[in-house]
Amino acid sequence: MAAAVEEEQTLPPAPAPLAEEPTYKTLTPSAEETQPHSETTEATSASSSSGLAAGERLGKSTDRDEALAKLNQDRTVSHIRAWEEMEKAKAANKYNKTIAKINGWENAEKAAAEASLKKKEEALEKKRAAFVEKMKNKIAAVHRSAEEQRAMAEATRGEEFVKVEELAAKYRAHGKAPKTFLCFRT
């Protein structure tokens with residue numbers, strides 16, 4: 001009995017009752033057990049004269065021991081269930097924390113990658129815009145150069161026309177034909 005009391009003191013407090021918690025019967029001591037020790041010995045000596053009474057008392061004692069053993073076993077099973085549930089809850093919480101960390105890491109990495117992508121896209125867009133501007137400027141420079149060359153060609157043609165007209169007027173005034181006419185010499 002002392003071991004059972006000692007076991008109760010060392011066990012942690014029982015958790016909240018589970019759905020399948022066993023029901024316990026309270027054992028009330030018999031009238032013989034509540035009497036002081038001196039009276040019990042008298043009752044024992046009196047009952048020892050009758051063999052039937054001693055057997056009944058022994059049967060009650062073994063029933064009580066069996067009930068206490070069952071109570072201790074049920075209490076142990078209850079503690080085991082509570083411990084199991086607590087450990088499962090710990091494992092579930094640990095899993096949830098780990099999953100939350102992984103999700104947070106994933107979201108942070110995705111955000112960083114998307115920010116990097118956006119930054120690169122903006123840089124490429126600026127580079128593209130600069131290249132497009134450069135090419136437009138080059139096209140405009142080529143167009144200006146072509147216009148200048150056309151203008152020079154037009155001016156050269158005009159000068160050549162004026163020169164030819166002057167020479168033609170000179171040849172008309174002298175009455176001489178030019179020395180070369182269509183690559184023929186006269």
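**Notes on a predicted model**

1. Start with a stretch to treat with care: over residues 38-52 the pLDDT stays under 50, and the model has six contacts there beyond four places in sequence. Keep in mind as you read that this is a predicted model.

2. Residues 1-8 are another such stretch. Their pLDDT also stays under 50, and the model gives them five contacts beyond four places in sequence.

3. Which helix has the lowest confidence, and which has the highest? Helix H3 (residues 37-48) is at the bottom with a mean of 47, while helix H4 (residues 51-174) is at the top with 92. For the protein chain as a whole, the mean pLDDT is 79, and 65% of the residues reach 70 or more.

4. Now for the layout. The protein chain has four helices and two strands. Walking along from the N terminus, you meet them in the order α-α-α-α-β-β.

5. How much of the chain is buried? Just 4% of the 186 residues count as buried. The accessible surface of the protein chain comes to about 16600 Å², and 60% of that belongs to carbon and sulfur atoms.

6. Have a look at the contacts too. Take those between residues at least 6 apart in sequence: 69% of them join residues at least 24 apart.

7. On to the salt bridges, of which the structure holds seven. One of them pairs Lys 70 with Asp 74, with the closest N and O atoms 3.5 Å apart. Both residues sit in helix H4, four residues apart, which is about one turn of the helix. Is Asp 74 buried or exposed? Asp 74 counts as buried because its relative accessibility is 13%, and the cut-off for buried is under 20%.

8. Glu 87 and Lys 90 form another salt bridge, and here the closest N and O atoms are 3.3 Å apart. These two also lie in helix H4, three residues apart, or about one turn. Glu 87 is partly exposed, with a relative accessible area of 28%, and Lys 90 counts as partly exposed at 47% relative accessibility.

9. Further along, the side chains of Glu 154 and Arg 157 meet in a salt bridge, at 2.8 Å from N to O. Why are they about one helical turn apart? Because they are three residues apart in helix H4. Glu 154 counts as partly exposed at 44% relative accessibility, and Arg 157 is partly exposed too, with a relative accessible area of 42%.

Conventions. Residues are numbered from 1 along each chain as its sequence is written. This is a predicted model: local features need pLDDT of at least 70, side-chain atom pairs count only at pLDDT 80 or more; totals for chains, interfaces and linings use all residues. Side-chain values use heavy atoms; hydrogens and water are left out. Buried means under 20% relative accessible area, exposed over 50%, partly exposed in between (1.4 Å probe, protein chains only). Contact means heavy atoms within 4.5 Å. Accessible areas come from the Shrake-Rupley method with a 1.4 Å probe; for residues, only the protein chains shown count as cover. pLDDT is the predictor's confidence in each residue, from 0 to 100. A salt bridge is a side-chain nitrogen of Lys or Arg within 4 Å of a carboxyl oxygen of Asp or Glu.
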